[in-house]
There are 4 protein chains.
Amino acid sequence: MTVKNIGILCSGGDSPGMNCAIRAVVRTAISRGIQVTGIKRGYAGLLRGEFMQMNLSSVGNIIQRGGTILQTSRSPEFQKVEFRKKAVDILRAQHIDGLIIIGGDGSFNGAMALWKEHQFPVVGIPGTIDNDISNTEYTIGFNTAVQTAIEAVDRIRDTAHSHARTFLVEVMGRNSSAIALKVGVCTGAENILLPHDKVNHQKLVDDINRGIARGKESSIIIVAEGPVAGRSYDIQHVLKDMYHLDAHVAILGHIQRGGSPVADDRFIASQMGNMAVEALLGGNVPSVTVVQKGKVLMTDLANCTTKADHNYIEYSGLAETLSI
Amino acid sequence: MTVKNIGILCSGGDSPGMNCAIRAVVRTAISRGIQVTGIKRGYAGLLRGEFMQMNLSSVGNIIQRGGTILQTSRSPEFQKVEFRKKAVDILRAQHIDGLIIIGGDGSFNGAMALWKEHQFPVVGIPGTIDNDISNTEYTIGFNTAVQTAIEAVDRIRDTAHSHARTFLVEVMGRNSSAIALKVGVCTGAENILLPHDKVNHQKLVDDINRGIARGKESSIIIVAEGPVAGRSYDIQHVLKDMYHLDAHVAILGHIQRGGSPVADDRFIASQMGNMAVEALLGGNVPSVTVVQKGKVLMTDLANCTTKADHNYIEYSGLAETLSI
Amino acid sequence: MTVKNIGILCSGGDSPGMNCAIRAVVRTAISRGIQVTGIKRGYAGLLRGEFMQMNLSSVGNIIQRGGTILQTSRSPEFQKVEFRKKAVDILRAQHIDGLIIIGGDGSFNGAMALWKEHQFPVVGIPGTIDNDISNTEYTIGFNTAVQTAIEAVDRIRDTAHSHARTFLVEVMGRNSSAIALKVGVCTGAENILLPHDKVNHQKLVDDINRGIARGKESSIIIVAEGPVAGRSYDIQHVLKDMYHLDAHVAILGHIQRGGSPVADDRFIASQMGNMAVEALLGGNVPSVTVVQKGKVLMTDLANCTTKADHNYIEYSGLAETLSI
Amino acid sequence: MTVKNIGILCSGGDSPGMNCAIRAVVRTAISRGIQVTGIKRGYAGLLRGEFMQMNLSSVGNIIQRGGTILQTSRSPEFQKVEFRKKAVDILRAQHIDGLIIIGGDGSFNGAMALWKEHQFPVVGIPGTIDNDISNTEYTIGFNTAVQTAIEAVDRIRDTAHSHARTFLVEVMGRNSSAIALKVGVCTGAENILLPHDKVNHQKLVDDINRGIARGKESSIIIVAEGPVAGRSYDIQHVLKDMYHLDAHVAILGHIQRGGSPVADDRFIASQMGNMAVEALLGGNVPSVTVVQKGKVLMTDLANCTTKADHNYIEYSGLAETLSI
């Protein structure tokens, strides 16, 4: 069956660069004579029939914008088989014959179900700042989130240094270590606490004190948020109560999700959007665009429906060597 | 008595642009044939005799750097008369015959005491991101903190809009309204909660809901931190528990203190550093550099030893009109 | 006559913050129950009848955007009396009974003629990066242009320092000294060449060589573009041919016109847009919003129809003292 | 022979991230108990014996700084065999028994000669914004230069759009296409002119006019500088003289070389500095750190002594598809 009208939606958390992917999908499709229908607010919007016809103007001047013009949401309903049936009925009524989903592993699970249950052609594009999807080295938004966090830590270093202070800087990424490790290496952090690390407060304090003895004016400890944001406050209290060490806390939070996408997010998203359309048109479904060995390419969607924390773990040793 | 050797120190919280003031002091003094002695870590460092001779190279390539190369601290000891006596003895032993203090109203109180108790010539330069010193329209660091907060809110707006969410964004400034009001107007915030506002949760929820009814995709509420940081969490809980309204919290925190100073902080600090030296040399002490009617000029130090929240309060009405 | 429908246009060069002024005009007017008609592409678009009805959504999410959503242009036709007659006919046919013009002194001349020839109520808002309009200390866009130039010079300093080089950095502003002086002071430039300065190459070379002798690793010379951009190349050639001194040239150019407006451009533009509407509604015409003694207020439009280079000239001495 | 004292220098053009590599070299070496001697101003400084002992403090707080603390230069003398002999004598007299060179293919040629003529152990680290060295997908500084150019083009787009204009934006990279192609894709440029492209002015004009006919408000054409900077002016003149099309020119120039390094430049430079030390200590010489298939690894230095324009050429088609 030939695809003549592609639906596109964003699902789950937003990430910078999603607009670049949308733009690339629309432009590639139009250059191939194919229609594109934007679906607002993810699977939830799909179930409510929130469609908008996309043309070249719809994606004009958006390449540099954070967030997503299609908006996004999480849809608990879509986890139920009857709502997925309804979604496919709506798509077919709208004459949409292929669907591109920009999101994370959860969103890809929903897409996979559409294919398995209804043979509805789907292609995924990995979009999440967490960089935690199996079988891809990169997810759209990761480098922008890292860059935002780096610039924030650079600022915090100014004030930490001016006051000879210790800072616990908590970065996003839930159970993924990627943001914490990359930010830690890139800012010369004195310590990095990974999501599942049981915090060794004694070692932390020893490291800080050794730095001070050596003449360091400040210490920055990058804390991966882990399952629940705010663990930095717990660490702060232990340092204070048990070791009489004053540490300041900075939770970087949602500033890491927004902002104009940096070069790689624009560049990789542009390639992915382009390839996703080609995959749909070529019948290469269900599939997903990934980065492997530094290149953007297609793989089976089934490879990307689980989380994995594989991309930066290998750099733990480097982080430690450089933080002496 | 002619001044031949100027001491300079930073005191209290650091703020972006302090380095520009230090640079201007050193360069102006040297162009006038006067020595400058840097005193590290504020009054505390003075009491420990932490001096460094300043020359043109000491202040080379620092105009664009956040924080302060002299570092800063708070010194409870300095509030006692015997330690101020000791400080003057140390200054005189070091042949320092005039002192420039970059800091806030508290630091100026210490300086005033040096003058009153020992006739030690002092000149203040207002440096704090809070913009809360009486009789000056500006304090060094304010605009950089505002700019950093604005860029953070712009980012948060991306993600708020993509998810149709409400955000409580807490900005620094303790009891000062200045940062909150300027950031609120400059980001088109839907609401601004000032430091001493008793929060009217019902009104807040009504405003948010009216915005949604009108088609707004997101709401940003700027929260001035007030005496204790973290009040946004309290508001969040009330909105959730009493009104079933989900709001996200972002505490901008210490990123607002660091970073390369923006134009006005560099420009005003450069003028202030220059004038402070001229005042010391001209015997115009005790005095302080201020901004009045848009111009940098000198006034009596006694005018600036209290806090005031006078600079942006008049813009509350503007903020409300533009946030409809 | 009561104003019920306000026309708004941008004219001349664009500047960052124009969107904030447009937003403030629309929101203030709507809060007062008044209609706003956007006129695209300045006076030229007015003559072609390019109108768009403005509502709250038209100005949603634009406060942070560079350029102007109404676009702008220069219109030679509008300098002729018969075309101004035609413009007023068009405005009246459109039931527009007051006009807000965002632009420079040239645009204000056109507005003044509309008033004089047809008693058409007009209010000006000064918008140009050049900060060169008589009787106002500020024009919207100036600080963003300065900030962009400062960040560019900070970057150039990195490479200049790494190579021990001299750079001629040409900034915008035509015959206005304001950008060059503020950027020069804020970047610690070794020299600033103002628009009408006859370049003293010998002195320039002596200054550079004295810096080198003193251990300076690099020299940055800020060159105001003056009437014709590119004079830095001429200076470069003379330095090379007559003094065997290699200098690199960087023409910052149009990057200074764009970008997200910095805090003050947003803040002042918001006040000006608000006041401009109040002036029109209050019959205070022909008038213009200005900054005087650090405050935004209204003055007679006739005060702002000429250029003036008055705002930063007084800082030449400061620049020289600090560049030793 | 065991290496106990590593010399390190930067050579050729500076690039952002060089400081991160220096920092990683120093910290890795010290953690292994090895000395590091910094050599200032490249091969020229080596010949003049400009050495500085490096310790942890030497590389404190430099990870975020553009340029290179060791400075750099081009040394025509070093192309002669007798001066290389002299250099090795100086190195040995200084008890330096291994050399790390951060630079481009030219610098690596010099390093290769040191090895071939004197068996002096050398390791290269590719540092140039041009990304034009054979057998590596990445060179330190490339992404920062690209990011700086992207942000500049985003700004120019604001003003281009506000005036409905065409801009020729010239980016650095000499004969390399990499910056131009990546910037072009990432900014949605309407056209990209590669270094060796013979400009087809007719096609350029047709493309611009087709865009206008389709409702585009502005056109951005990215021009790779090629062998001599300034070719945009030639194109501008032809467009004006032969096609009566007004285009503005922006030469981004040296702002692309400076600035705080973005995430990948910090991250890759940190890995490369670390690996370079390990290679020297392990006797893996002459070698060079490269990126292949997305990973940092070592290869024979001989593989990287020539230029190649291989890394982004494959994206020309993508650029064309997305610029319709």
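## Salt bridges, a binding site and a two-fold axis

B:Asp246 and B:Lys240 form a salt bridge, with their closest N and O atoms 3.0 Å apart. Keep in mind as you work that this is a predicted model.

**Exercise 1.** Work out whether B:Asp246 and B:Lys240 are buried, partly exposed or exposed.

*Solution.* Start with the cut-offs: buried means under 20% relative accessible area, exposed means over 50%, and partly exposed is in between. Next, take B:Asp246: its relative accessibility is 53%, so it counts as exposed. Then take B:Lys240: its relative accessible area is 41%, so it is partly exposed.

**Exercise 2.** Find which parts of chain B are linked by the salt bridge between B:Arg32 and B:Glu278.

*Solution.* First, check the pair itself: the side chains of B:Arg32 and B:Glu278 meet at 2.4 Å, N to O. A salt bridge needs the nitrogen within 4 Å of the carboxyl oxygen, so this pair fits. Now place the partners. B:Arg32 sits in the loop between α1 (18–31) and β2 (35–39) of chain B, while B:Glu278 belongs to helix α9 (residues 263–281) of that chain. They are 246 residues apart, so the pair links distant parts of the chain. Last, look at accessibility: B:Arg32 comes out at 44%, which makes it partly exposed, and B:Glu278 at 31% is partly exposed too.

**Exercise 3.** Describe the salt bridge between B:Arg174 and B:Asp130, and say how buried or exposed each partner is.

*Solution.* The N to O distance here is 2.6 Å. B:Arg174 lies in the loop between β6 (166–171) and α6 (178–187) of chain B, and B:Asp130 is in the loop between β5 (122–126) and α5 (142–163), so the bridge ties together parts that are 44 residues apart in sequence. On to accessibility: B:Arg174 has a relative accessible area of 34% and is partly exposed, but B:Asp130, at 1%, is buried.

**Exercise 4.** Which residues are linked with A:Arg41 in a network of salt bridges, and how many salt bridges does the whole structure have?

*Solution.* A:Arg41 shares its network with A:Arg48, A:Glu50 and B:Glu217. Read the chain letters and you'll see that the network takes in residues of chains A and B. As for the total, a search over all chains finds 68 salt bridges.

**Exercise 5.** Why can the residues of the "binding site" feature be said to gather at one spot?

*Solution.* Begin with the record: UniProt, in an unreviewed entry, places this feature at A:Gly13, A:Arg74, A:Ser75, A:Gly104, A:Asp105, A:Gly106 and A:Ser107. These residues span 95 residues in sequence, yet no two of their C-alpha atoms are more than 13.8 Å apart, so they do gather at one spot.

Now zoom in on two of them. A:Gly13 is in the loop between β1 (5–10) and α1 (18–31) of chain A, and at 16% relative accessibility A:Gly13 is buried. Leaving out residues up to four places away in sequence, A:Gly13 touches several residues, among them A:Arg74 and B:His163. A:Ser75 lies in the loop between β3 (51–54) and α3 (81–93) and is also buried, at 12%. With the same kind of neighbours left out, A:Ser75 touches A:Tyr43, A:Ala44 and A:Leu47.

**Exercise 6.** What rotation superposes chain A on chain D?

*Solution.* The rotation is 180°, with 0.0 Å of shift along its axis and an RMSD of 0.0 Å. The two copies are therefore related as by a two-fold rotation axis. Both copies use the same surface, since 100% of chain A's contact residues recur in chain D.

Conventions:
Residues numbered from 1 in each chain as written. Chains lettered and ligands numbered in written order. Predicted model: local features only at pLDDT ≥ 70, side-chain atom pairs only at ≥ 80, totals over all residues. Heavy atoms only, no water. Least-squares fit on C-alpha atoms with pLDDT ≥ 70 in both. Contact = heavy atoms within 4.5 Å. UniProt positions renumbered as here; feature names shortened; annotations may be inferred. Helix = DSSP H or I, 4+ residues; strand = E, 2+ residues; numbered from the N terminus. Buried < 20%, exposed > 50% of the residue type's maximum accessible area, 1.4 Å probe, protein only.
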